[in-house]
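Welcome! Please take a moment to look over the sequence and the model below, and then we can walk through some of the places worth visiting.

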Amino acid sequence: MQNVKKFSQNKNLLLNAKKTKVMDSDKSPDSNILIDNEALENVTHFNYLGANIEADGKITPDIRKRLAIATSKLKSMMNIWNSQSTPLKMRILKCCIFPVATYGCETWTLTKKDVEK
């Protein structure tokens with residue numbers, strides 16, 4: 001972290017230790033990382049750009065959240081679903097609902113239960 005701090009200072013960027021968080025993704029005991037004799041906060045989960053990231057790698061809560069948001073968006077568009085144009089419905093579903101449900105899915109490590117959902 002000291003190298004990151006030095007490099008960022010060379011580019012006139014400041015590293016704020018109070019706002020910086022650390023997450024251990026392995027099973028090792030918590031490690032204390034210091035910047036200017038100030039320990040960084042160690043967290044087990046955080047929200048980054050709308051995606052929930054867990055230290056244990058489980059993504060089931062994030063999948064549930066994404067599906068709930070997509071379902072609410074789908075229900076809010078009920079007047080469109082009552083129309084007769086099936087191609088239009090499919091285009092709207094593919095461009096407006098599916099991206100909401102799959103946002104951040106490229107980082108997911110899926111289990112069999114997650115795939116079923």
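## The largest pocket

Before we start, a word on how residues are sorted: Ala, Val, Leu, Ile, Met, Phe, Trp, Tyr, Cys and Pro count as nonpolar, Asp, Glu, Lys and Arg count as charged, and the others, Gly among them, count as polar. Please also keep in mind that this is a predicted model. With that sorting, the lining of the largest pocket divides into nine nonpolar, six polar and four charged residues.

How many residues line this pocket? There are 19 of them, and Ala51, Asn52, Ile53, Thr107 and Trp108 lie nearest the centre. The volume of the pocket is about 310 Å³. Strand β6, residues 51-54, gives the largest share of the lining, with four residues.

## One salt bridge

Side chains of opposite charge can pair when their charged atoms come close. In this model the count comes to one salt bridge. Which two residues form a salt bridge? The partners are lysine 21 and glutamate 41, whose side chains meet at 3.1 Å, N to O. This pair links distant parts of the chain, since lysine 21 belongs to strand β1 and glutamate 41 to strand β4 (residues 41-42), 20 residues apart.

Are the partners buried or exposed? Lysine 21 has a relative accessibility of 46%, so it counts as partly exposed. Glutamate 41 is at 41% relative accessibility, so this residue also counts as partly exposed.

## Helix α4 and a buried lysine

Now let us turn to helix α4, which spans residues 86-102 and holds lysine 89. Lysine 89 is buried, yet it has no salt bridge. How far away is the nearest side chain of opposite charge? That side chain belongs to glutamate 116, and the distance is 28 Å. A salt bridge needs a side-chain nitrogen of Lys or Arg within 4 Å of a carboxyl oxygen of Asp or Glu, so at 28 Å lysine 89 and glutamate 116 do not qualify. Setting aside residues up to four places away in sequence, lysine 89 touches Ile80, Trp81 and Ser83.

Valine 100 also has its place in helix α4. Leaving out neighbours within four places in sequence, valine 100 is in contact with Arg66, Ile69 and Ala70. From valine 100 to threonine 71 there are 29 residues in sequence, and their C-alpha atoms are 9.4 Å apart in space.

## The loop between α1 and β1

Two residues are worth a stop in the loop between α1 and β1. Asparagine 12 is found there, with α1 covering residues 2-10 and β1 covering 21-22. Most residues other than glycine have a negative phi. Asparagine 12 is not a glycine, but its phi is positive, at about 60°. Its relative accessible area is 70%, so asparagine 12 is exposed.

Threonine 20 lies in this loop too. Is threonine 20 buried or exposed? Its relative accessibility is 18%, and buried means under 20%, so threonine 20 counts as buried. Apart from residues up to four places away in sequence, threonine 20 touches Leu15, Leu40 and Glu41. Glutamate 41 is the residue whose side chain meets that of lysine 21 in a salt bridge.

## The loop between α4 and α5

Further along the chain, glutamate 106 lies in the loop between α4 and α5, where α5 covers residues 112-116. Glutamate 106 has a relative accessibility of 65%, so it counts as exposed. The C-alpha atoms of glutamate 106 and glutamate 41 are separated by 27 Å, and the two residues are 65 apart along the chain.

Threonine 109 is found in the loop between α4 and α5 as well. At 57% relative accessibility, threonine 109 counts as exposed. Not counting neighbours within four places in sequence, threonine 109 is in contact with Ile59 and Asp114. Arginine 66 is 43 residues from threonine 109 in sequence and 15 Å from it in space, C-alpha to C-alpha.

## Helix α2 and the pocket again

Our last stop is threonine 60, in helix α2, which runs over residues 60-76. At 22% relative accessibility, threonine 60 counts as partly exposed. Threonine 60 and tryptophan 108 are 48 residues apart in sequence, with 9.3 Å between their C-alpha atoms. Trp108 brings us back to the largest pocket, as one of the lining residues that lie nearest its centre.

How values were computed: Residues are numbered from 1 along each chain as its sequence is written. This is a predicted model: local features need pLDDT of at least 70, side-chain atom pairs count only at pLDDT 80 or more; totals for chains, interfaces and linings use all residues. Side-chain values use heavy atoms; hydrogens and water are left out. On a 1 Å grid over the protein atoms alone, a cavity is a set of points where a 1.4 Å probe fits but cannot get out, and a pocket is an open set with protein on both sides within 12 Å along at least five of seven lines; lining residues have an atom within 4 Å of a point. Grid points are joined across faces, edges and corners, and a volume is the space filled by probe spheres set on the points. Buried means under 20% relative accessible area, exposed over 50%, partly exposed in between (1.4 Å probe, protein chains only). Lys and Arg count as positive and Asp and Glu as negative; His and the chain ends are not counted. Contact means heavy atoms within 4.5 Å.
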